[in-house]
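Subject: Structure handover

Hello,

Here is the structure you are taking over. My notes on cavities and salt bridges follow below it.

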Amino acid sequence: MNQLDALKQFTTVVADTGDFRQLAQFKPQDATTNPSLILKAVQKPEYAPLLADTVAAHRGQPLDEVVDRLLVRFGTEILSIIPGRVSTEVDARLSFDEDATYTRAERLIELYQAAGVPTDRVLIKIASTWEGIRAAERLEKRGIHCNLTLLFSFCQAVVCGQAKVQLISPFVGRIYDWYKKSAGAAWDEAAQAGANDPGVQSVKRIYDHYKRHGIATEVMGASFRNVGQITALAGCDLLTISPDLLAQLAASEAPLQRALDPAAAQKMDLPAARYDEAGFRLALNQDAMATEKLAEGIRAFIADAEKLDALMQAA
């Protein structure tokens with residue numbers, strides 16, 4: 001049994017890509033997209049007709065609506081290949097606007113419904129800002145399930161749990177990047193690998209807290225830099241993995257054991273945690289890594305959204 005098949009025994013495997021032509025070979029349950037992945041996909045020649053068709057069919061409509069239609073077009077293509085859910089992201093420029101995020105998520109769901117896609121096959125991706133989490137809480141009450149992304153800190157995870165969101169995506173690789181850069185020449189790659197990786201430790205802390213306190217929100221580790229980070233989180237509810245790393249897992253027959261276990265977490269002596277808005281903002285502020293990576297992530301997604309806008313206008 002290869003490592004990918006072994007991982008599927010413990011964890012729901014999710015493909016992290018907008019390139020739906022790559023999906024079938026890995027047989028993932030779910031798939032995730034984001035502005036960067038969609039931008040990367042639409043610049044490939046094989047997806048040029050999809051971009052051109054979407055623009056031609058909706059020429060004259062507001063640009064943001066045409067972009068949403070493109071995102072949904074990719075999502076419906078992905079859903080024709082996978083059995084589970086696809087995550088589609090709200091424009092990152094709305095990350096600090098609760099009402100606008102809520103309205104944009106509603107439109108994405110309406111577009112999926114018009115394409116014949118049931119609501120339960122879609123997760124709306126929203127940045128894990130205070131405003132984003134509040135919008136997600138309202139959406140969940142309407143039966144629109146959400147994936148809270150750009151999550152780097154324990155306080156973000158706690159508030160997402162309080163809001164009863166469907167799923168969170170803590171970013172393993174970007175946490176690793178920050179600590180490695182911060183340590184500079186003192187960084188010891190071997191000593192910080194596997195279970196000692198700071199990104200892995202962050203996800204494990206969140207997973208154990210959720211399982212210990214009966215929080216139903218699903219934990220989906222994301223943003224991996226290497227296979228070791230993935231295998232160190234075997235047993236996590238879900239892991240969303242790039243095609244390159246999926247291929248590496250499929251090519252390896254090294255042993256793989258479960259690393260995260262809900263039964264073990266339920267026996268841990270872990271205090272309950274809760275944050276109001278002021279407490280959340282203070283805790284996030286005091287976490288330099290999370291503050292910097294959240295802001296950086298939103299800026300990067302905004303930059304890619306603007307590039308996608310430009311491509312749509314030029315088409």
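**Cavities**

Glu89, Val90, Asp91, Ala92, Leu94, Ser95, Thr101, Ile126, Ala127, Leu150 and Phe301 line the largest cavity. Please keep in mind that this is a predicted model. The volume of this largest cavity is about 60 Å³, and its lining residues comprise seven nonpolar, two polar and two charged ones.

In total, two cavities of 30 Å³ or more are present in the structure. The second largest cavity holds about 30 Å³ of space. Around it are Asp30, Ala31, Thr32, Arg85, Val86, Ser87, Leu123, Leu167, Met220 and Leu238. Two elements, strand S2 (30–32) and strand S3, each supply two or more residues to this lining. With three residues, S2 contributes the most. By class, the lining of the second largest cavity splits into six nonpolar, two polar and two charged residues.

**Salt bridges**

There are 24 salt bridges in the structure. I went through three pairs and one network.

The first pair involves Arg85, which is also one of the residues lining the second largest cavity. The side chain of Arg85 forms a salt bridge with that of Glu218, at 3.0 Å from N to O. Glu218 belongs to strand S7 (residues 218–221), while Arg85 sits in the loop between helix H4 (63–79) and strand S3 (86–89), so this salt bridge ties together parts that are 133 residues apart in sequence. Are the two partners buried or exposed? Glu218 is buried, at 15% relative accessible area. Arg85 is buried as well, at 16%. Both count as buried because the cut-off for that class is under 20% relative accessible area.

The next pair is within a helix. Glu137 and Arg134 form a salt bridge in which the closest N and O atoms are 2.9 Å apart. The two residues are three positions apart in helix H6 (residues 130–141), which puts about one helical turn between them. Arg134 is buried, with a relative accessibility of 17%.

Arg281 and Glu277 make another salt bridge, with 3.0 Å between the closest N and O atoms. Both residues are in helix H13 (residues 277–286), where they are four residues apart, about one turn of the helix. How accessible are they? Arg281 is partly exposed, at a relative accessible area of 36%, and Glu277 is partly exposed too, at 37%.

As for the network, Asp64, Asp68, Asp91, Arg93, Arg104, Arg107 and Asp309 are joined into one by salt bridges that share partners. Asp91 from this network also appears in the lining of the largest cavity.

**Glu131**

One further residue has links to the places above. Glu131 is located in helix H6, the helix that also holds Glu137 and Arg134. Its relative accessibility is 16%, so Glu131 counts as buried. Which residues does Glu131 touch, leaving aside those up to four places away in sequence? The contacts are Ser95, Phe96, Asp97, Glu98 and Arg281. Of these, Arg281 is the salt-bridge partner of Glu277, and Ser95 is one of the residues that line the largest cavity.

Regards

Note on methods: Residues are numbered from 1 along each chain as its sequence is written. This is a predicted model: local features need pLDDT of at least 70, side-chain atom pairs count only at pLDDT 80 or more; totals for chains, interfaces and linings use all residues. Side-chain values use heavy atoms; hydrogens and water are left out. A salt bridge is a side-chain nitrogen of Lys or Arg within 4 Å of a carboxyl oxygen of Asp or Glu. Buried means under 20% relative accessible area, exposed over 50%, partly exposed in between (1.4 Å probe, protein chains only). On a 1 Å grid over the protein atoms alone, a cavity is a set of points where a 1.4 Å probe fits but cannot get out, and a pocket is an open set with protein on both sides within 12 Å along at least five of seven lines; lining residues have an atom within 4 Å of a point. Grid points are joined across faces, edges and corners, and a volume is the space filled by probe spheres set on the points. Ala, Val, Leu, Ile, Met, Phe, Trp, Tyr, Cys and Pro count as nonpolar, Asp, Glu, Lys and Arg as charged, and the others, Gly among them, as polar. Contact means heavy atoms within 4.5 Å.
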